[in-house]
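Here is my note on the structure you asked me to read through. Please keep the sequence and the 3D view open beside it as you go.

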Amino acid sequence: KKSGKISDQKRNQKMSNVNVNTGSQVKHLSTSQANKSLGSGSHSHSMFEEGENPIIVPGNLQIHPPQVTFADMTTDLKDLAFELGENAFRLLAKGEKKSFREMAEYIKKEFEKRNKGTWHVIVGKQFGSFVTFEAHTMIMFWLNHIGFMIWKHS
């Protein structure tokens, strides 16, 4: 990622459009406008990157079914992972969570409340990993454009 500050005017000129479905019509917003509508501050990491076109439905966020890329996890734990991932996604969209780190923290705390042991969570759009996990306690899945990796290791 590039560092440095860009004026709002220049940033808006460089941003791609984000489609926002308001029920019967689709509005096009700049990425910065969409980030502001989701509560992203100027000092926090943006939910959207330049060039992405997610669909946001205010008040009725459309989250596509999870796309699992790796799973060695019981069905009950998978269901919990999907539930918490969707909850975290909604909290981000409402502005109650400001970053992927806050989403991961929420999921970790909820997993540890409901299951014994130490759980680890990564949330983001681009990341690599090489981890050790206990049998039947690891999942990697995507909700829309956000990846979730959850595993247990004591």
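The points below take up the sheet, the helices that pack on it, the nonpolar core and the aromatic rings.

1. Please keep in mind throughout that this is a predicted model, and that the remarks below describe that model.

2. I would begin with the sheet, which is open and is formed by four strands in the order β4-β6-β7-β5, with antiparallel pairing. Its edge strands are β4, residues 67–73, and β5, each of which pairs on one side only. From one strand to the next, the twist averages 10°.

3. Within this sheet, β4 and β6 run antiparallel and are joined by six bridges, and Ala71 stands opposite Ile139 in β6. On β6 itself, six of the seven residues are buried, so that the strand is mostly covered.

4. The pairing of β6 with β7 is likewise described by six bridges in the antiparallel sense, and one place to look is Met138, whose bridge partner in β7 is Trp151. These two strands form a hairpin with two residues between them, and in the turn Asn144 has a positive phi of about 55°.

5. Which strands of the sheet does α3 touch? Helix α3 packs on the sheet with contacts to β4, β5, β6 and β7, and its direction makes about 40° with that of β6. The helix α4, in turn, lies across β5 and β7 and runs at about 155° to β5.

6. In soluble globular proteins, nonpolar side chains tend to be buried together. Here the largest nonpolar core has 28 residues, of which Ile107, Phe111, Val123 and Ile150 touch the most other members. Two or more residues come from each of α3 (75–94), α4 (100–114), β5 (119–124), β6 (137–143) and β7 (146–152), and α3 gives the most, with 10 residues.

7. Val123 is a useful residue to select when you look at this core, for, not counting residues up to four places away in sequence, Val123 touches Phe100, Met103, Ala104, Ile107, Ile146, Gly147 and Phe148.

8. Is Leu80 buried or exposed? Leu80 has its place in helix α3, and its relative accessible area is 9%, which is under the 20% cut-off, so Leu80 counts as buried. Leaving aside its neighbours within four places in sequence, Leu80 is in contact with Phe111, Arg114 and Asn115. Leu80 and Glu110 are 30 residues apart in sequence, and their C-alpha atoms are 9.3 Å apart in space.

9. The whole structure contains four aromatic pairs. One of them is formed by Phe82 and Phe141, which meet edge-to-face with 5.0 Å from centre to centre and 85° between the planes. Because Phe82 lies in helix α3 and Phe141 in strand β6, this pair ties together parts that are 59 residues apart in sequence. Both Phe82 and Phe141 are buried, and ring pairs link these two residues with Phe148 into a cluster.

10. How are the rings of Phe111 and Trp119 placed relative to each other? Their centres are 4.6 Å apart and their planes stand at 45°, so the pair is tilted. Phe111 is buried, with a relative accessible area of 0%, and Trp119 is buried too, with a relative accessible area of 1%. Phe111 has thus come up three times in this note: among the core residues that touch the most other members, as a contact of Leu80, and in this ring pair.

Note on methods. Residues are numbered from 1 along each chain as its sequence is written. This is a predicted model: local features need pLDDT of at least 70, side-chain atom pairs count only at pLDDT 80 or more; totals for chains, interfaces and linings use all residues. Side-chain values use heavy atoms; hydrogens and water are left out. A nonpolar core is a set of buried Ala, Val, Leu, Ile, Met, Phe, Trp, Tyr and Cys residues joined through side-chain atoms within 4.5 Å. Buried means under 20% relative accessible area, exposed over 50%, partly exposed in between (1.4 Å probe, protein chains only). Contact means heavy atoms within 4.5 Å. Two strands pair if DSSP finds at least two bridges between them. Axes are lines fitted to C-alpha atoms, for helices over the stretch in contact, and angles run from 0 to 180 degrees between N-to-C directions. Rings of Phe, Tyr and Trp (its six-membered ring) pair if their centres lie within 6.5 Å; planes under 30 degrees apart count as stacked, over 60 as edge-to-face and the rest as tilted.
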